[in-house]
Number of protein chains: 2
Amino acid sequence: MTALEVACRNSDLPLTIQRRVILQALADRDDHPTADQILRQVRKRLPEVSRTTVYRVLDTLVDLGLAVKICSPGKGARFDPRTDRHHHLVCLQCEKVMDFEAPKLNGLPLPDTRTRAFDILDYSIHFRGLCADCKGQSRNAQARRARRSPTKKSTGRAG
Amino acid sequence: MTALEVACRNSDLPLTIQRRVILQALADRDDHPTADQILRQVRKRLPEVSRTTVYRVLDTLVDLGLAVKICSPGKGARFDPRTDRHHHLVCLQCEKVMDFEAPKLNGLPLPDTRTRAFDILDYSIHFRGLCADCKGQSRNAQARRARRSPTKKSTGRAG
DNA sequence: CTGCCTGCAAACGATTTGCACCAGC
DNA sequence: GCTGGTGCAAATCGTTTGCAGGCAG
């Protein structure tokens, strides 16, 4: 938790209780929670905390480099307490995002983007697929199809 | 545009004007537009089209495998007409997402996720950094800091 | 003709904003 | 004590839903 103190001092930011507790709540999880999930967890310690503050503080933590807002297919923003290089398993069906360690993939050469005038600072690989919970069920399209016409037995594409 | 006809026939879906035009609008861009951006573009051809329909059709196109909902750090869902393997440059500041070709990175071995019970179907690499427009300006944190206290000259961390 | 798709508007959920008060430095 | 962070509630933005009529097959 010293990292927060250092970062706040460096940036001339007051070190509030909320910032402490929210960072702690985030650090305690590895499931890339949304702001609302953090809110619920934070309220166990600080029942008074407002949703607004959670949003603002999470934003601040990202600024400070203590957290990362991850890329996800869903609608709610999600945060990751890990700022080191790591990768993700993204379920195409339930949109869950899991951390995935693949040391062999941590040393890829950063491609040359000079022609694009883009400064690459880091990378992460998104492995898209189906998580354990979803893979048993059915594929994306099939699920939706079924939902739309439950009585009609779809002919093909069972594979 | 035949792909849409085939897909609709395969799935017993009517081939509506809206589906044609929305897919065309998406296919015409490579900037991973949001539903709203698509809406604006589609209305040039079909002024009557409703926002709802755009959302629904984009969803359908994803089902049909004619588009992909991409992972992005922003709040609005974004769609990609490309379904083949490719990678992305993600600007940490403006949250723009650009396609990035890196043939050398298209053949990575899919890691073994049996222990995680996760079926990997594909992957894509997110290169995070600063785009041309943003890199001249300032780093993420600095930009926000400046916005908060415009008069105060931040000391350090220029690197 | 029949059913699904579309358009409308309202519901809904996530996030932001303005303002008064309180806490950290 | 001053500054700016926080809490509240309302505004805003993105997305979804229920229903009536239109169009593709």
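1. In this predicted model, helix α3(A) meets helix α4(A) through Ala35(A), Asp36(A), Ile38(A), Leu39(A) and Arg43(A) on the α3(A) side, and through Arg51(A), Val54(A), Tyr55(A) and Leu58(A) on the α4(A) side. By class, the residues of this contact comprise 6 nonpolar and 3 charged, with no polar ones.

2. As to geometry, α3 of chain A spans residues 35-45 and α4 of chain A spans residues 51-64; the two pack at an angle of about 115°, and their axes are 9 Å apart. The pair is therefore roughly perpendicular. The crossing of α3(A) past α4(A) is right-handed.

3. Helix α3 of chain A also contains Gln41(A). Apart from neighbours within four places in sequence, Gln41(A) has contacts with Ala25(A), Asp28(A) and Arg29(A). The C-alpha atom of Gln41(A) is 8.9 Å from that of Leu26(A), and these two residues are 15 residues apart along the chain.

4. Turning to the nucleic acid, DNA strand D has 20 residues around it, of which Thr16(A), Thr53(A), Arg56(A), Tyr55(B) and Ala77(B) come nearest. Of the strand D atoms that come within 4 Å of the protein, 66% are accounted for by sugar and phosphate. At least two residues of the surface near strand D are supplied by each of α2 (17-27) and α4 of chain A and α4 (51-63) of chain B. This surface has 7 nonpolar, 7 polar and 6 charged residues.

5. Individual polar pairs with DNA strand D involve both chains. An N or O atom in the side chain of Thr53(A) lies 2.4 Å from a phosphate oxygen of strand D. In chain B, a polar backbone atom of Ala77(B) is 2.6 Å from a phosphate oxygen of this strand, while a polar side-chain atom of Thr52(B) is 3.5 Å from a base oxygen.

6. DNA strand C is surrounded by 21 residues, the closest being Tyr55(A), Ala77(A), Arg19(B), Thr53(B) and Arg56(B). Sugar or phosphate provides 66% of the strand C atoms within 4 Å of the protein, and bases provide the rest. Here α4 of chain A, together with α2 (17-27) and α4 of chain B, each contribute at least two residues to the nearby surface. The surface near strand C divides into 8 nonpolar, 7 polar and 6 charged residues.

7. Phosphate oxygens of DNA strand C pair with both backbone and side-chain atoms. A polar backbone atom of Leu15(A) is 3.0 Å from one such oxygen. Side-chain N or O atoms of chain B also take part: the distance to a phosphate oxygen is 2.9 Å for Thr16(B) and 2.8 Å for Arg19(B).

Definitions and conventions:
Residues numbered from 1 in each chain as written. Chains lettered and ligands numbered in written order. Predicted model: local features only at pLDDT ≥ 70, side-chain atom pairs only at ≥ 80, totals over all residues. Heavy atoms only, no water. Axes fitted to C-alpha atoms, helices over the stretch in contact; angles between N-to-C directions. Helix = DSSP H or I, 4+ residues; strand = E, 2+ residues; numbered from the N terminus. Parallel < 35°, antiparallel > 145°, perpendicular 65-115°, else oblique. Left-handed = near helix turned anticlockwise from the far one by under 90°. Contact = heavy atoms within 4.5 Å. Nonpolar A, V, L, I, M, F, W, Y, C, P; charged D, E, K, R; others polar. Near = heavy atom within 4 Å. Polar contact = N/O pair within 3.5 Å; in protein donor to acceptor, adjacent residues only side chain to side chain.
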